[in-house]
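Subject: Structure handover

Hello,

Here is the structure for your files. My notes on it follow below the display.

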Amino acid sequence: MTPIPFQYEIEVQQEHIDELKHVNNVAYLQWVQDVGEKHWNLKTSKELRERMGWVVLNHFIEYKSPAYLNDKLILKTWIESHEGVKSERRVEIIRKKDNKILAQAKTLWCLIEKQSHRPSRITPEITEPFFKD
């Protein structure tokens, strides 16, 4: 099965900039989480989102090149793999004007049932909207 990528665009704002005049590392981490959440919310039903949620097991971010104030960025994400209760999500942060990848991230997520806070096996109901044959 092939992952169906999701993306949207943002513009770097002053609050993203650090004392070195480029985007702060914390902003990249926030964007990684934001794009994953938007993808999940777009592809799943309200009922499913009320029952199930995700917790981060780990993040790995590779910074390749800085972003600056007013840069327009594309946040692109997809589900790379899933097994049992875990899912690996990938994110690329791309500068729109030259299509350069500025950062890449891998996040390992664990599916939980919101009421019990216990891990829950990832079923086809959950994965189907994120993949094509």
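What is the accessible surface of the protein chain, and what percentage of it belongs to carbon and sulfur atoms? The surface comes to about 8,100 Å², and carbon and sulfur atoms hold 48% of it. Please keep in mind that this is a predicted model.

Overall dimensions

The protein chain has 133 residues and a radius of gyration of 16 Å; a compact globule with that number of residues would have one near 14 Å, so the two agree. Along the principal axes, the C-alpha atoms fill a box of roughly 45 × 30 × 25 Å. Of the 133 residues, 38% count as buried. Among contacts with a separation of 6 or more, 67% are between residues 24 or more positions apart. As for charge, the chain carries 21 positive and 20 negative charges, and the mean positions of the two sets are 1 Å apart.

Secondary structure

The protein chain contains three helices and eight strands. Read from the N terminus, the order is β-β-α-α-β-β-β-β-β-α-β.

Strand pairing

I looked at the pairing around strands S4 and S5. S4 covers residues 72-83, and S5 covers residues 86-95. These two strands run antiparallel and are joined by ten bridges. Two of the pairs are Thr77 with Val91 in S5 and Leu73 with Arg95 in S5. The strands form a hairpin with two residues between them, and Gly84, in the turn, has a positive phi of about 65°.

S5 is also joined to strand S6 (residues 100-113), again by ten bridges and in the antiparallel sense. Here Arg95 stands opposite Lys100 in S6. Arg95 is thus listed with a partner on each side: Leu73 and Lys100. The hairpin of S5 and S6 has four residues between the strands, and Asn99 takes a positive phi near 60° there.

S4 has a further partner in strand S2 (residues 6-11), with which it pairs over six bridges, antiparallel. Within that pairing, Gln7 is matched with Lys76 in S4.

How many of the ten residues of S5 are buried? Seven are, and the strand is mostly covered. When you inspect these strands, one general point applies: in a regular strand the side chains alternate between the two faces of the sheet.

Two loop residues

Val85 lies in the loop between S4 and S5. Is Val85 buried or exposed? Neither: its relative accessible area is 25%, so Val85 counts as partly exposed, since buried would require under 20% and exposed over 50%. Leaving aside neighbours within four places in sequence, Val85 is in contact with Trp54, Trp109, Cys110, Leu111, Pro119, Ser120, Arg121 and Ile122. Trp109, Cys110 and Leu111 fall within the residue range of S6. Leu29 is 56 residues from Val85 along the chain, and their C-alpha atoms are separated by 23 Å.

Leu20 is in the loop between S2 and helix H1 (25-43). With a relative accessible area of 58%, Leu20 is exposed, because the cut-off for that class is over 50%. Between Leu20 and Arg51 there are 42 Å from C-alpha to C-alpha, at a spacing of 31 residues along the chain.

Regards

Definitions and conventions: Residues numbered from 1 in each chain as written. Predicted model: local features only at pLDDT ≥ 70, side-chain atom pairs only at ≥ 80, totals over all residues. Heavy atoms only, no water. Rg over C-alpha atoms; globule rule 2.2 N^0.38 Å. Buried < 20%, exposed > 50% of the residue type's maximum accessible area, 1.4 Å probe, protein only. Contact = heavy atoms within 4.5 Å. Areas by Shrake-Rupley, 256 points an atom, 1.4 Å probe, with all protein chains shown as cover. Lys, Arg positive; Asp, Glu negative; His and termini not counted. Charge placed at Lys NZ, Arg CZ, Asp CG, Glu CD. Pairing = 2+ DSSP bridges.
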